[in-house]
Amino acid sequence: MAHSLQAKKRIRQTARRASVNRARRTNIRSKLRKVEEAIVAGDQEAAKHEFRKMQPSLMAGINKGIVEKNTVSRTLSRLHRRIKNIAG
């Protein structure tokens, strides 16, 4: 158990930050899932639309330290290639 005021404050900050990070990660995963569903359905326009909506969230995730830059780059590249290859 923390005894100093500083240690107690750090515990509060960590809990708050973990909660915010969890929400951000959930948001990113939800948007990623929507793109995946559109790709599986074969709807290129919907996939493009969801992909455009997802990109800012992923970039914000990089800046906030939620996801790694290379992971985002790889994910975007793979999704973009899959969307481009949808027959439509």
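Gly42 comes just after helix H1 and takes a positive phi of about 85 degrees. Another glycine with positive phi, Gly65, follows helix H2, at near 80 degrees. These values come from a predicted model.

Now the two helices themselves.

| Helix | Residues in helix | End-to-end C-alpha distance | Expected span |
|---|---|---|---|
| H1 | 37 residues | 54 Å | 54 Å |
| H2 | 21 residues | 30 Å | 30 Å |

H1 covers residues 5–41, and its reach is close to the expected length. H2 also agrees with its expected span, because 21 residues at 1.5 Å a residue should span 30 Å. Yet H2 bends by about 25 degrees at Met54. A proline, Pro56, follows within four residues of that bend.

Next, what is buried. In H1, the buried residues are Gln13, Asn21, Ile28, Val35, Ala38 and Ile39. Their cover includes helix H2 (44–64) and helix H3 (69–84). In H2, the buried residues include Ala47, Phe51, Met54 and Leu58. Polar names appear there too, among them Gln44, Glu50 and Ser57. The buried residues of H2 pack against H1 and H3.

Which residues have the most contacts inside the largest nonpolar core? They are Ile39 and Met54, in a core of 13 residues. H1, H2 and H3 each supply at least two residues of this core. In soluble globular proteins, nonpolar side chains tend to be buried together.

Ile39 deserves a closer look. Leaving out residues up to four places away in sequence, Ile39 touches Ala47, Leu79, Arg82, Ile83 and Ile86. Of these partners, Ala47 is a buried residue of H2.

Notes: Residues numbered from 1 in each chain as written. Predicted model: local features only at pLDDT ≥ 70, side-chain atom pairs only at ≥ 80, totals over all residues. Heavy atoms only, no water. Expected span 1.5 Å × (residues − 1). Buried < 20%, exposed > 50% of the residue type's maximum accessible area, 1.4 Å probe, protein only. Contact = heavy atoms within 4.5 Å. Core = buried A, V, L, I, M, F, W, Y, C linked by side-chain atoms within 4.5 Å. Bend = angle between axes of the 7 residues up to and from the residue.
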